[in-house]
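Subject: Handover of a structure and notes on it

Dear colleague,

Please find below the structure that I am handing over to you. I would be grateful if you kept it open while reading the notes underneath.

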Amino acid sequence: MSQKKVNFILKIIFIFLISIILFFVILYLFYFITKVDEKNYISKDYFVYIKVDSISKLYNNLIDLKALDVILSDEKYKQLYNILLEFKNSAISKNKFLASMLDMKVNIILDNNYNPSILINMKFKSIFLKLSGVVAKILKNNEEFNLKEFKKENYKYYKLTIVKNNTTIYYSIKNNLLFLALNEKAIDDFYTISKSPNKIIDDEDFYYIKSQVKKGGIAKIFINTQILFESFLKKNQYLKNIINKLTLNKVSALSLNISNSEIFLSTFTKSYTE
């Protein structure tokens with residue numbers, strides 16, 4: 001092969017590599033400019049709010065947890081233990097690509113009517129969520145899954161039905177955020193909250209309570225203390241009279257960590273007597 005042809009091939013390879021790099025740089029810039037804070041879409045009026053800053057950390061802590069081996073080594077958990085052991089010994093369990101794919105923030109919200117919804121900050125991986133429209137067309141007449149797209153005034157949402165067990169999940173995508181719920185009203189609530197003054201990003205109490213529990217855990221749990229006590233004390237008037245003498249902060253917080261090096265549960269509840 002002549003030097004001229006070699007130079008031409010090298011030039012093509014160089015242009016191809018530069019194009020790929022530029023493509024991902026543009027994608028990242030688009031993500032960086034359009035990303036939004038999930039706290040803009042979470043109401044401060046919740047019953048329970050669970051905040052997981054990294055699924056990757058949660059996964060790594062639990063997959064390496066030696067105590068889990070002890071618990072599942074019981075004969076009645078033998079089948080589950082064998083599956084776990086096989087997975088832990090496989091190459092995929094320590095796969096760096098899997099760890100990077102799991103590097104997402106998860107927010108689980110239980111509203112005052114005990115309805116659950118999930119908000120996931122997908123980070124840069126949210127770029128691939130833009131393909132949902134294409135996927136909806138592919139799965140439209142699928143025998144196992146049915147995915148339909150709906151349009152509202154300011155957003156789109158999708159209804160995913162698993163035909164086999166008739167399970168329905170609703171989801172919507174807002175830039176880097178993925179909303180998941182069991183009904184379409186919960187999806188609409190995320191967008192409604194973002195336009196109201198009732199979101200936790202503007203709630204000073206939330207930041208104060210968050211700062212009072214230990215950092216570095218796998219999850220933080222915020223509980224509406226008033227609703228919790230009301231549900232527990234409905235049938236116990238004597239205990240209710242005692243609790244009513246205390247003035248409790250609306251929200252209590254817990255920070256949880258489980259790993260081989262430590263297990264801790266840090267809690268904070270502010271109360272005082274009248």
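The notes below go from the whole chain to single residues.

Please bear in mind that this is a predicted model.

Overall picture

The protein has 274 residues, and 33% of them count as buried. Its secondary structure consists of 10 helices and 12 strands. If one takes the contacts between residues at least 6 apart in sequence, 61% join residues at least 24 apart. The surface that the protein exposes comes to about 18000 Å², and carbon and sulfur atoms supply 61% of that area.

The nonpolar cores

Which residues touch the most other members of the largest nonpolar core? They are Tyr46, Tyr49, Leu119, Phe179, Ile187 and Phe222, in a core of 23 residues. Four elements, β7 (177-181), α7 (184-194), α8 (204-211) and β10 (251-258), each supply at least two residues of this core. Helix α7 gives the largest share, four residues. A second core of 14 residues is separate, and Leu147, Tyr158, Tyr171 and Ile173 are among its members. As a general background, nonpolar side chains in soluble globular proteins tend to be buried together.

Tyr46 is a good place to look in detail. Leaving out residues up to four places away in sequence, Tyr46 touches Ile109, Leu110, Asn112, Ile200, Phe206, Phe222, Asn224 and Val251. One of these partners, Phe222, is also listed with Tyr46 among the core residues that touch the most other members.

Two buried residues in strands

Ser172 lies in strand β6, which covers residues 167-174. Is Ser172 buried or exposed? Ser172 counts as buried because its relative accessibility is 0%, and the cut-off for buried is under 20%. A polar atom of the Ser172 side chain lies 2.6 Å from the backbone oxygen of Lys156. Beyond its neighbours within four places in sequence, Ser172 is in contact with Tyr155, Lys156, Tyr157, Leu177, Leu178, Phe179, Ile187 and Tyr191. Among these contacts, Phe179 and Ile187 belong to the largest nonpolar core.

Ala181 is found in strand β7. Its relative accessibility is 5%, so Ala181 counts as buried. Ala181 and Pro116 are 65 residues apart along the chain, yet their C-alpha atoms are separated by 6.8 Å. Not counting residues up to four places away in sequence, Ala181 touches Pro116, Ser117, Ile169, Tyr170, Ala186 and Ile187.

A loop residue

Ser54 sits in the loop between β1 (48-52) and α2 (55-63). With 18% relative accessibility, Ser54 counts as buried, because the cut-off is under 20%. Which residues does Ser54 touch, if those up to four places away in sequence are not counted? Ser54 touches Asp103 and Met104. The C-alpha atoms of Ser54 and Asp103 are separated by 5.6 Å, although the two residues are 49 apart along the chain.

Salt bridges

How many salt bridges does a search of the whole structure find? The search finds four, and three of them are described here, each with the exposure of its two residues.

- Asp37 is bridged to Lys39, with the closest N and O atoms 3.3 Å apart. Asp37 is partly exposed, at a relative accessible area of 28%, whereas Lys39 is buried, at 15%.
- Asp53 and Lys51 meet through their side chains, at 2.4 Å from N to O. Asp53 is partly exposed, with a relative accessible area of 35%, whereas Lys51 is buried, with 7%.
- Asp202 is bridged to Lys199, and their closest N and O atoms are 3.9 Å apart. Asp202 is partly exposed at 48% relative accessibility, whereas Lys199 is buried, with a relative accessible area of 10%.

A nonpolar patch on the surface

Finally, please look at the surface patch of about 1100 Å². This nonpolar patch is made by Phe14, Ile15, Ile18, Ile21, Leu22, Val25, Ile26, Tyr28, Leu29, Phe32 and Ile33. One of these residues, Ile18, is found in helix α1, which covers residues 3-34. Ile18 counts as partly exposed, because its relative accessibility is 33%, and partly exposed lies between 20% and 50%.

Yours sincerely,
A colleague

Technical notes. Residues are numbered from 1 along each chain as its sequence is written. This is a predicted model: local features need pLDDT of at least 70, side-chain atom pairs count only at pLDDT 80 or more; totals for chains, interfaces and linings use all residues. Side-chain values use heavy atoms; hydrogens and water are left out. Buried means under 20% relative accessible area, exposed over 50%, partly exposed in between (1.4 Å probe, protein chains only). A polar contact is a pair of N or O atoms within 3.5 Å; within protein, one must be able to donate a hydrogen and the other to accept it, and residues adjacent in sequence count only if both atoms are side-chain atoms. Contact means heavy atoms within 4.5 Å. A nonpolar core is a set of buried Ala, Val, Leu, Ile, Met, Phe, Trp, Tyr and Cys residues joined through side-chain atoms within 4.5 Å. Patches are made of residues with over 30% relative accessible area and no salt bridge: like charges are joined within 9 Å, nonpolar side chains (Val, Leu, Ile, Met, Phe, Trp, Tyr) within 5 Å. Accessible areas come from the Shrake-Rupley method with a 1.4 Å probe; for residues, only the protein chains shown count as cover.
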